[in-house]
Amino acid sequence: MKIVIIGAEGDVGQAACKELQTRHHIVRAGRSSGDVHVDIGDRASILAMYDKLGQVDAVICTAGNVHFGKLSDFTQEQFMLGLENKVMGQVNLVLAGLDRVSDGGSFTLTSGILDQEPIRMGAGAATANGALAGFVKGAVIEMPRGLRLNAVSPGLLDVSVSRYGSWFPGHEPVPARRVGLAFAKSVEGAATGQIITVH
C-alpha cells in the first residue's frame, strides 16, 4: 500500500513508520521535513499535498498543535489552537481526501488519552481529543466507497518520557512499538469507527 504519514518525524509518527515501513511504501509528510510538505492548519496546503501525491491507499495523521496551560489562564484563542489545528486539521485531511484514497482505503487520526485520563494544564488537549473521537464516530457512518476511519489514542510514549514525563504523574509509559501496532491495526485490519486506545 501507498501510505502517507503526516507528522512522521514526531515520536508517534516514527512509531507508525517503523511498524509499517517494512510492508508498505511510506510517504513521510510534515511542515518542514519529509518527502512532501504540508501544514494541516491550512486547507490549501492539504489540497496541494493531495495533488502532489495522487491516489493513496491510506492516510495517517500524527500531527496537531494544542496549547497546554493553567485553566484559569486559558484564553479562547488558546483553546481554538487545538480546535483549529489538531481537530480541524485532521478533519480537513479526511474531507479533502475522500476522493483521493483508494476504494476500501483508510484514514487514521491521532487523538490521545487526556480526554479519558486528564492531567493538569491539559484541558485544551482533552477538548481536542474528545472532539476528534466525536468526529470519528459521527463521520464513519457516511464514509463512501468502503473507506474506513479510526483514531489511535496513545498514552505517554516511553520515548517521550525525558521531555514530557513530569507532566504525567503516575502514568505508565506505553512502548512505542505498541503504538506502532495500533496504527497497523487501523490500516491493515478491518476496524472502522474505532478509537484504538494504547495505555
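## Helix α1, mostly tucked away

In helix α1, the buried residues are Asp11, Val12, Gly13, Ala15, Ala16, Cys17, Glu19 and Leu20. That makes eight of its ten residues, so you can call α1 mostly covered. Keep in mind as you look around that this is a predicted model.

Two names from that list are worth remembering, Asp11 and Glu19. Both turn up again when we get to the salt bridges.

## Charged pairs

Side chains of opposite charge can pair when their charged atoms come close. How many salt bridges does the structure hold? There are six.

Start with Asp11, whose side chain meets that of Arg163 in a salt bridge, 2.3 Å from N to O. Asp11 sits in helix α1 (residues 11-20) and Arg163 in helix α5 (residues 161-164), so this pair ties together parts that lie 152 residues apart in sequence. Asp11 is on the list of buried residues, while Arg163 counts as partly exposed, with 46% relative accessibility.

Glu19 has company too. Through salt bridges that share partners, Glu19, Arg23 and Glu188 are joined into one network.

## Two more links across the chain

Next up are Arg100 and Asp51, whose side chains form a salt bridge of 2.9 Å, N to O. Here the link runs between distant parts of the chain: Arg100 is in the loop between α3 (76-97) and β5 (101-110), Asp51 is in helix α2 (residues 43-53), and they are 49 residues apart. Is Asp51 buried or exposed? Its relative accessible area is 55%, and the cut-off for exposed is over 50%, so Asp51 is exposed.

Then there's the salt bridge between the side chains of Arg145 and Asp103, at 2.5 Å from N to O. This pair also links distant parts of the chain, 42 residues apart: Arg145 lies in the loop between α4 (123-139) and β6 (148-154), and Asp103 in strand β5. Arg145 is partly exposed, at 36% relative accessible area, whereas Asp103 counts as exposed, at 59% relative accessibility.

## Unusual backbone angles

Most residues other than glycine have a negative phi. Arg145, the salt-bridge partner of Asp103, goes the other way: its phi is positive, about 55°, although it is not a glycine.

Which other residue can you look up for this? Try Met121, which is not a glycine either and has a positive phi near 70°. You'll find Met121 in the loop between β5 and α4, where it counts as partly exposed at 35% relative accessibility.

Terms used. Residues are numbered from 1 along each chain as its sequence is written. This is a predicted model: local features need pLDDT of at least 70, side-chain atom pairs count only at pLDDT 80 or more; totals for chains, interfaces and linings use all residues. Side-chain values use heavy atoms; hydrogens and water are left out. A salt bridge is a side-chain nitrogen of Lys or Arg within 4 Å of a carboxyl oxygen of Asp or Glu. Helices (H or I, at least four residues) and strands (E, at least two) are DSSP runs, numbered from the N terminus. Buried means under 20% relative accessible area, exposed over 50%, partly exposed in between (1.4 Å probe, protein chains only).
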